[in-house]
Amino acid sequence: MNPSDFAKLLSQLESLSTKQLARIRETLKGLPHTSGAAIAGVLQGPNVCPNCQAPAEQLRPWGHSHGLPRMRCQACGKTCNALTGTPLAHLRKREQWLGYAQALIEGVSVRQAAQCCSVDKNTAFLWRHRFLQAAATHRPAHEGGIVEADETFFLESFKGQRKLPRCARKRAGVGAAWEHIAVLVVRDRSGQTADFRLQKIDASHITDVLGPLVDKDAILCTDGARVYQKVARNMGLTHRAINVHKGIHVIEGAFHIQNVNAYDSRLKQWMKRFHGVATKYLENYLGWRRMLERYRQSISPAICLSEAMGRFQLQQLIQT
């Protein structure tokens, strides 16, 4: 806006009603989170070429496209920008992304997020799963020391689908045992957390997910289920089984599964706000919760946006 138009706008403020002035104040409160300048600081250029994976040294400025600096790779000749190859590519209304990231941090509903960002509810739903697509894959590369593992369950849901492969349940139905999806949660004492949807609770499937994650010198703490004894034997891990059903919660003063159980409880309580999560999107919601736990009080819309672009920085959370 040029200076003359801005001066004209200021002169018109005196003619506004009290209700109109209040609305302007509310609008101004949201501007720091949605301004183009603020989001431009987050959308930095890629670290490698999205096409050939050449290092950033091979990328050279190549003008602008759609409001973002464009780079050209000297190795492959392809051009790219900060969003190329990310789940956020080709999404519009970038000026609202930081505001939507704040809505994710607060965990509001799709309709509430749509209202906050002045977009349609269908757009807000699309953004939710685009923003969470990369975050769902962000897990620690390894866990060590005392590692706790336990499974939790979510009722299988076909929410949003017009055709169901079974009869519809009544509202608040609990479902049969075979209708529950098993999720294995693994957490070490530094707070690093990973979770995996299991097709079956057996030694083979559990070993497949724990093998690349848990250090060979780690001590695995689980409940008394026999399947974990076989898993620990297959992986060559020291195993401590806590028989919670007999009232045993801690053995040798240090070995327990209270951290992972507390995480399961927080996860389930947080999930209640969504009134059931479609099973096909379950991994996205699990990644969403891991992101909130990973950063805790230090999380910000900028960090959330970086996660959505696939930039993952593991946060070390020291617990007692």
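Buried means under 20% relative accessible area, exposed means over 50%, and partly exposed is anything in between. Keep that handy while working through this predicted model.

**Exercise 1.** Work out whether Glu293 and Arg296 are buried or partly exposed, then see what links them.

*Solution.* Start with Arg296: its relative accessibility is 37%, so it counts as partly exposed. Glu293 comes in at 5%, so it counts as buried. Next, look at the side chains: Glu293 and Arg296 meet in a salt bridge, 3.5 Å from N to O. Now widen the view: salt bridges with shared partners join Arg266, Arg289, Glu293 and Arg296 into one network.

**Exercise 2.** Find what the salt bridge between Arg197 and Glu283 links.

*Solution.* Check the contact: the closest N and O atoms of Arg197 and Glu283 are 3.9 Å apart. Then place the partners: Arg197 sits in strand β6 (residues 193–198) and Glu283 in helix α10 (residues 282–295), so we've got distant parts of the chain, 86 residues apart.

**Exercise 3.** Place strand β7 (residues 219–223) among its neighbours, and say why it is largely enclosed.

*Solution.* Take one side at a time. Strand β4 (residues 146–155) pairs with β7 in the parallel sense over 3 bridges, and here Glu148 has Cys221 as its bridge partner. β7 also runs parallel to strand β8 (residues 238–242), with 5 bridges joining them; Cys221 partners Arg240 there. Add helix α8 (residues 226–235), and β7, α8 and β8 make a right-handed β-α-β unit. Finally, count burial: 4 of the 5 residues of β7 are buried, so the rest of the structure largely encloses the strand.

Methods: Residues are numbered from 1 along each chain as its sequence is written. This is a predicted model: local features need pLDDT of at least 70, side-chain atom pairs count only at pLDDT 80 or more; totals for chains, interfaces and linings use all residues. Side-chain values use heavy atoms; hydrogens and water are left out. Buried means under 20% relative accessible area, exposed over 50%, partly exposed in between (1.4 Å probe, protein chains only). Helices (H or I, at least four residues) and strands (E, at least two) are DSSP runs, numbered from the N terminus. Two strands pair if DSSP finds at least two bridges between them. A crossover is right-handed if, with the strands pointing away from the viewer, the path from the first strand over the helix to the second runs clockwise. A salt bridge is a side-chain nitrogen of Lys or Arg within 4 Å of a carboxyl oxygen of Asp or Glu.
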